Every structure is written in structure tokens, then in C-alpha cells.
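Biologist: I'm new to this one, so could you pick a single part and walk me slowly through it? I'd love a close look at the sheet and what goes with it.

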Amino acid sequence: MKTNDNIRSLEVRVGNVVIGGDNPIVVQTMCNTHTADIEASVAQCRRLSDAGAQMIRLTVPSMSDVEALGEIKRRLREMGIDTPLVADVHFSSDIAIAAAKVVEKVRINPGNFHRDHQKAREQFASLVKVCKEYGTAIRIGLNHGSLGERITNMYGNTPLAMKEAVMEWLEMCAENEFENVVVSLKASNTYIMTEAYRLLYKQMQENGKVYPLHLGVTEAGNGDAGRIKSAVGISALLSEGIGDTVRVSLTEDPENEIPVAEYLSDRYGRRLHSCMVGLSIEGKIAIASYHAPSKERLLMDFSCDFGKRLLDKEIDQVLLKGFYIDENGSQVMLDGSEYASYLEDELMQAARRRFYRPEYVACPGCGRTMYNLESTFNEVKRRTSHLKGMVIAVMGCIVNGPGEMADADWGYVGEGNGKVSIYKGKTPVLRHVPETEAIDKLLQLIEQDK
Ligand code: SF4
């Protein structure tokens with residue numbers, strides 16, 4: 001929890017939701033429909049709102065998507081759904097300005113707003129002017145993978161560079177007397193992500209003005225691994241009183257993100273407590289015992305109880321004991337079980353303490369995704385599971401995917417029209433590969449490179 005010494009974050013109004021201050025942690029998510037497909041987007045927004053999303057983001061790659069966004073909003077409001085909408089804009093300030101007239105919040109990525117810093121300043125001032133007029137909030141949404149060249153030349157590809165990049169944009173907000181701003185500094189690497197947020201939070205505290213923070217581990221993947229990785233990064237910060245809104249990015253149906261985000265919001269809003277019943281620490285080894293009402297709850301409690309301690313090297317290992325209740329109401333004992341050792345390994349990997357399998361970076365997909373990301377990602381995972389320690393990225397689009405892959409060794413990037421680009425690091429090594437052959441080609445290239 002925030003201590004009395006800490007300055008509270010500013011309150012930012014986004015439609016009928018307030019982020020920051022002493023308000024509860026806001027749960028948000030993002031559509032993965034094509035925004036131009038108005039029917040599908042409205043239907044998904046409705047499902048997400050029913051599932052508990054307090055804010056919904058949609059991708060806006062072109063001006064025609066701004067029009068679609070307006071229509072989506074109109075239809076939702078007509079249905080009585082007043083969940084604030086957020087436009088996700090990359091590259092074009094004109095689109096950001098147009099979207100700011102339509103929805104309650106606009107997310108911009110400073111890494112790709114404009115290459116020329118002076119131009120970026122001018123464009124941002126124009127965006128702020130419109131946001132002031134329409135009461136629209138802005139998220140400065142920086143990602144580790146898409147830091148600009150100017151900043152990385154000065155600070156390297158580091159958490160410090162992320163903090164410095166955001167501070168420049170917050171200074172621009174101050175110059176333009178604009179405070180309706182939320183900030184994020186996401187990374188797929190939980191260590192980089194937590195360090196970047198901590199540095200920024202400390203700097204904002206020192207400066208005497210704390211903007212609300214949107215937390216997320218980007219490209220976290222799916223399944224248990226995606227949930228554990230998200231829980232480790234986000235809970236480490238929330239437990240320190242850092243963070244005001246949460247998005248859990250999973251390469252799955254976005255509805256699946258909501259219960260994970262709600263758990264985090266409830267737990268750090270002190271509405272939910274861990275079901276750990278015993279803990280002993282010998283040297284740097286923790287032994288924890290749980291009486292968990294479900295497998296899902298065990299996974300989240302265990303990740304939040306020990307993710308930060310592993311990440312910060314307070315402990316080197318954790319052993320899981322006790323039981324969880326399965327779907328038939330039976331107790332499943334954990335002591336020495338395969339499931340306990342699987343969760344222990346996954347937590348070590350999410351906290352970047354030991355790699356027992358490949359590390360996957362996979363975007364959640366959005367309206368820019370041009371193929372079945374979820375099934376492709378699962379197939380890539382199945383075929384590459386032997387490549388322990390290697391970082392493999394599976395990205396939904398060629399526009400942002402390569403920039404967002406961060407430190408991946410290999411990347412599988414959807415181009416659209418059934419074609420894929422394969423990257424080695426930041427370099428495309430094969431382009432226009434038919435989807436049906438792309439995983440084979442990726443494996444061949446990895447083999448040849450050994
Ligand atoms: S990388 Fe993935 S989430 Fe990001 S814009 Fe492309 S498809 Fe959307």
C-alpha cells in the first residue's frame with residue numbers, strides 16, 4: 001500500500017471512470033477484433049463489459065477506423081453500455097487527434113509518435129489542445145521493444161532509458177499544462193518492466209507530481225505461463241503501492257484477461273487475501289503451504305506471494321506444499337507432486353531466475369492481427385519446446401510486431417495475406433513465407449544456426 005510519505009497519484013478522469021488517487025485499481029482490456037468490423041467489435045465490447053472490463057481499448061490504424069470507433073461507441077451507448085473506450089494509436093498524430101474527438105482516452109506510443117523530436121513536440125501540443133477541448137485523457141504508452149533511437153543512443157536499451165523517455169513526454173505535458181495523463185512502461189521481461197516503473201515512480205515522487213500508472217507485462221503469452229508472468233510483474237509493483245490500473249495481456253480471448261486483472265485489483269485493494277497457510281524460510285529457500293479453493297487461485301496466490309521475492313533475489317527458491325481443491329471437490333495434494341514442481345519452475349522462469357524451457361514473447365493480438373495468432377502460438381510452442389533458454393517471439397502484425405519483439409532471438413511475424421516474416425533478432429531473414437510452411441522454416445533456420 002502507498003505509505004503516508006508517498007504523494008498520491010493525480011486523479012485522471014476517463015469518461016465515468018477515475019484512475020489514480022485513492023480510487024480502486026481499474027481493470028481494463030483490449031479488443032482483438034478488426035475495429036472496422038463494427039458488428040464484431042460492438043459484440044466483443046459488450047461481452048468484455050459484461051465480464052467486468054471497466055475500460056476497453058480498440059486499435060485505430062487508419063482514419064476509417066476512427067469513423068468505425070465513433071459508430072461502435074454510438075451503438076454501445078444506445079445499448080446502455082457506458083464503459084469508456086480507448087483508441088490505441090501508433091505512428092500517426094493525425095489519427096490520434098481525430099480519435100481524441102471521439103473516445104474518452106487515446107493511447108500513444110512515444111517510441112513511434114514521430115522520429116523527429118521537435119516535430120513530435122509540435123504534434124503532441126496539437127493533440128493536447130484537442131484533448132483539453134473534448135475532455136479526453138491520454139496514455140503515454142511506452143514499450144521496451146519500441147524505444148526510439150535517440151533515447152537508446154543516450155541510455156542504452158534499459159529501464160533507465162524507458163524512464164527518461166517518459167519523463168520527456170511528461171515535461172511536454174507540463175509545458176502544455178495538461179494533467180489528464182496516465183503512463184505505462186511495459187516490457188515482456190518482468191525484471192525490466194518492474195525496474196522501469198520503480199524508477200519512474202521514484203522520479204515522479206521526487207518531482208512532487210505523480211501521474212497514475214497503467215501496469216502490464218506486455219507480450220506475456222498465454223495459459224499458465226502468461227498468467228504467472230503477468231502476476232509476477234504486476235503484483236511486485238502493486239505490493240509497493242505502485243500502479244493505478246491494470247491490463248493483463250494474454251494471447252487468448254480478451255475475456256480471459258478480466259478474472260486475472262480482477263484478482264490483482266482485489267488483492268491489492270485488500271479485498272482478497274492469499275490462501276497460504278504456512279511459510280518457513282531457511283537460508284534463501286522458502287517452503288510455502290497452501291489450502292487453495294481452486295487450481296486457478298493457487299496459481300495466482302503462489303505467483304503473487306513469491307514472484308517479487310524471487311525477482312528481487314530475496315529468496316532463491318520456493319517449494320510448494322499443501323493442497324488445492326479440484327473441479328470435483330477433491331483435495332489434490334501438492335507435496336512432491338509434478339504439478340507443484342511445474343508451478344515452481346514456471347515461477348522461477350517468470351521471475352527470470354532459472355530458464356527450464358524457451359522464453360516466449362507473444363503479443364495478445366488486436367485489430368491489426370491478420371492470422372489465427374492463438375493457434376499458431378500454441379503450435380510454435382509445441383514444436384519449439386526443446387529449445388531451452390531461447391527467446392522466441394510470435395507477433396500478430398508486421399507494423400508493430402518487429403519493433404515490439406524486444407530481445408527475442410527469433411521472431412515469427414504475421415504479414416497478412418497468409419504470409420509470414422521470420423526474424424533473427426531484429427533482422428528479417430525470410431519474408432513472404434506461406435503460413436503453412438512458416439513453422440518448418442523457422443525450425444530449419446534455428447537448426448542451421450546452431
Ligand atoms: S504486435 Fe500484436 S498487439 Fe501489437 S499492434 Fe501488432 S497485432 Fe496488435
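Modeller: Happy to, and let's begin with one pair of residues: Val27 stands opposite Val246 in S10. Keep in mind as you look that this is a predicted model. Val27 sits in strand S3, residues 26-30, which runs parallel to strand S10, residues 245-247, and three bridges join the two. In general, the strands of a sheet pair through backbone hydrogen bonds, in either a parallel or an antiparallel sense.

Now zoom out a bit. S3 and S10 belong to an open sheet of eight strands with parallel pairing, and if you read across it the order is S8-S7-S6-S5-S4-S3-S10-S9. The edges are strand S8 (181-186) and strand S9 (214-215); each has a single partner strand, so one side of each has no neighbour in the sheet.

Next, a pair of helices. Helix H6 covers residues 159-175 and helix H7 covers residues 190-207, and they pack with their axes 8 Å apart at an angle of about 45°. That angle is neither under 35 degrees nor in the 65 to 115 range, so H6 and H7 count as oblique to each other. The crossing of H6 with H7 is right-handed. On the H6 side, the contact is made by Pro159, Leu160, Met162, Lys163, Val166 and Met167, while H7 brings Ile192, Glu195, Ala196, Leu199, Leu200 and Gln203. Sort the residues of this H6 and H7 contact by class and you get nine nonpolar, one polar and two charged.

Conventions: Residues are numbered from 1 along each chain as its sequence is written. This is a predicted model: local features need pLDDT of at least 70, side-chain atom pairs count only at pLDDT 80 or more; totals for chains, interfaces and linings use all residues. Two strands pair if DSSP finds at least two bridges between them. Helices (H or I, at least four residues) and strands (E, at least two) are DSSP runs, numbered from the N terminus. Axes are lines fitted to C-alpha atoms, for helices over the stretch in contact, and angles run from 0 to 180 degrees between N-to-C directions. Angles under 35 degrees count as roughly parallel, over 145 as roughly antiparallel, 65 to 115 as roughly perpendicular and the rest as oblique. A crossing is left-handed if the near helix is turned anticlockwise from the far one by less than a right angle, and right-handed if clockwise. Two residues are in contact if their C-beta atoms, placed from the backbone, lie within 7 Å. Ala, Val, Leu, Ile, Met, Phe, Trp, Tyr, Cys and Pro count as nonpolar, Asp, Glu, Lys and Arg as charged, and the others, Gly among them, as polar.
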